[in-house]
Amino acid sequence: MARKYAILPCNGLDKLQGPLSREVALALVEETGGEIVCPVLLNSARPRYEKILGELPLIIIDGCGTKCASKLAGSLNLKVDRKVLIADEMKTSALTPEDSLSLGPAGLEFAKALATLLAEDMPEEPSADLSADFDSPVEYTSVTHDKFIFRIPAAGFHFNENDCWVRVKGTRARIGVSDYVQQNLTDISYFGPPIVGREIGQFDDAGTVESVKSTMDVISPVSGKIVAVNTALVDNPEIINEDPYEKGWIAELELTDFESDRELLIDGAAYGEIVKKKAAEAQH
Amino acid sequence: MTTNGETARVLVIPCSGIGKVHGLISREATYEITDNLAQANADTMCLALLVMGDEEALSKIRSSHCITIDGCPKYCAQKNVELAGGQVAESIMVAEAFKNHRGAQPGTATKLTEDGWLVVREIAEGLSDRVQDLCGCEGEH
């Protein structure tokens, strides 16, 4: 099945392309089960759509060249995965909608056909059961500085100097933040997940974690396509405090080129030394 | 209101209302007014254009009588017109119109039933009278 998108149409009114953008959006939801984002409500009540926009990639459907939906997404700093402009689609389609704002049969047929075309062009929904390989127990070592004790997995994990880890199983990997991060932030109160389906590069942002003390971007140690996020963290971000290396994982990726990424990563022992230095610097 | 000494056309602005049948009713009622019942005196305006702060749209809204049609109690159309500096001469909510049609099945977000079209016509007829009042052209309807 084609994967789900958050769909932001311009939902225009006074030109034919506007009602078509709305109709295409609704037809796309019927075909793929995605979520409609009302542009006006998004502008006035963004928190209402925060979860949808955090979990689903975003497709924008503009009607005319004014591109209100694109402008809105830009003004709200939304990451856009795909854009469609109805005016352009009308030029290349064999179907010609009636010149009427209240759509007639030809307009509805145009919208349905375009939605089908877009759905066929969307990538497949990632498999839901990707987690079994990561269930094996983790053994820990620790480093200490003053009264602080920081846990670090003894083996099987790689780190970047941004305090993020990666655990690789075949072509898949899980990423997360270290024990040092969770102790430094103290009580984590918010988790902003990365978008499933997005391709990211090594050291790109892959979500955020936030406490009353600070906000931290999760810097991905590896490149790849995000195939799952730990949705349990959305309602219970404190899991990262409780278990940062296992139950508190942030995202799962299909790796692009781990052998190259690995050259810029360090193992647990080397990371332990960095943690000690950071802890010492933080005290002064 | 006047523009260059001429009576300005009334702007009828529905909510975006996507994904809900009441939103579709607000949109269809608007088209019924601007395309048929009060074609000579009413226009509509894309709410998204207004929300995005289009200068021409803002100017137009501030110099016209506005009628808003909202699908639900969020009143997105009324609020955004007022926020843009427009004067809302009449505001109605589709859900209220159903109080006179208890048990009516208006259809879905993509297709109205006969019940739905009945409410569209009822809203449109009431508001097209109001358009004529605002234009001072009561004798025309």
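**Note on salt bridges and a helix pair**

1. The side chains of Arg9(B) and Asp43(B) form a salt bridge, at 2.8 Å from N to O. This pair connects distant parts of the chain, 34 residues apart. Arg9(B) sits in the loop between strand S2 (6-7) and S3 of chain B, while Asp43(B) belongs to strand S4 of chain B. The model is a predicted one.

2. Accessibility for that pair: Arg9(B) has a relative accessible area of 32% and is partly exposed. Asp43(B) is also partly exposed, at 23%.

3. Over all chains, the count is 14 salt bridges. One of them joins the side chains of Arg198(A) and Asp81(A), with an N to O distance of 3.4 Å. Arg198(A) lies in the loop between strand S10 (188-192) and strand S11 (199-200) of chain A. Asp81(A) lies in the loop between helix H4 (68-75) and strand S4 (82-85) of chain A. The two are 117 residues apart in sequence, so the bridge ties together separate parts of the chain.

4. Is Arg198(A) buried or exposed? Its relative accessibility is 15%, so Arg198(A) counts as buried; the cut-off is under 20%. Its partner Asp81(A), at 31%, is partly exposed.

5. Glu259(A) and Arg262(A) make a salt bridge within one helix, H10 (residues 258-262) of chain A. Their closest N and O atoms are 3.7 Å apart. The residues are three apart in sequence, which means a separation of about one helical turn. Glu259(A) is exposed, at 52% relative accessibility. Arg262(A) is partly exposed, at 39%.

6. Now the helix pair. In chain B, the axes of helix H1 (residues 21-37) and helix H6 (residues 114-135) come within 8 Å and cross at roughly 50°. That angle makes H1(B) oblique to H6(B). The crossing is right-handed.

7. Which residues of H1(B) meet H6(B)? They are Ile25(B), Glu28(B), Ala29(B), Glu32(B), Ile33(B) and Leu37(B). Their counterparts in H6(B) include Trp117(B), Val120(B), Ile123(B), Leu127(B) and Val131(B). By class, the contact has 11 nonpolar, three polar and three charged residues.

8. H1(B) is largely enclosed by the rest of the structure, because 12 of its 17 residues are buried. Among them are Leu24(B), Arg27(B), Glu28(B), Tyr31(B) and Thr34(B). The cover over the buried residues of H1(B) includes helix H1 (17-32) of chain A. From chain B it includes strand S3 (10-14), strand S4 (42-44), strand S5 (65-70), helix H5 (94-97) and H6.

Methods:
Residues are numbered from 1 along each chain as its sequence is written. Chains are lettered from A and ligands numbered from 1 in the order in which they are written. This is a predicted model: local features need pLDDT of at least 70, side-chain atom pairs count only at pLDDT 80 or more; totals for chains, interfaces and linings use all residues. Side-chain values use heavy atoms; hydrogens and water are left out. Axes are lines fitted to C-alpha atoms, for helices over the stretch in contact, and angles run from 0 to 180 degrees between N-to-C directions. Helices (H or I, at least four residues) and strands (E, at least two) are DSSP runs, numbered from the N terminus. Angles under 35 degrees count as roughly parallel, over 145 as roughly antiparallel, 65 to 115 as roughly perpendicular and the rest as oblique. A crossing is left-handed if the near helix is turned anticlockwise from the far one by less than a right angle, and right-handed if clockwise. Contact means heavy atoms within 4.5 Å. Ala, Val, Leu, Ile, Met, Phe, Trp, Tyr, Cys and Pro count as nonpolar, Asp, Glu, Lys and Arg as charged, and the others, Gly among them, as polar. Buried means under 20% relative accessible area, exposed over 50%, partly exposed in between (1.4 Å probe, protein chains only). A salt bridge is a side-chain nitrogen of Lys or Arg within 4 Å of a carboxyl oxygen of Asp or Glu.
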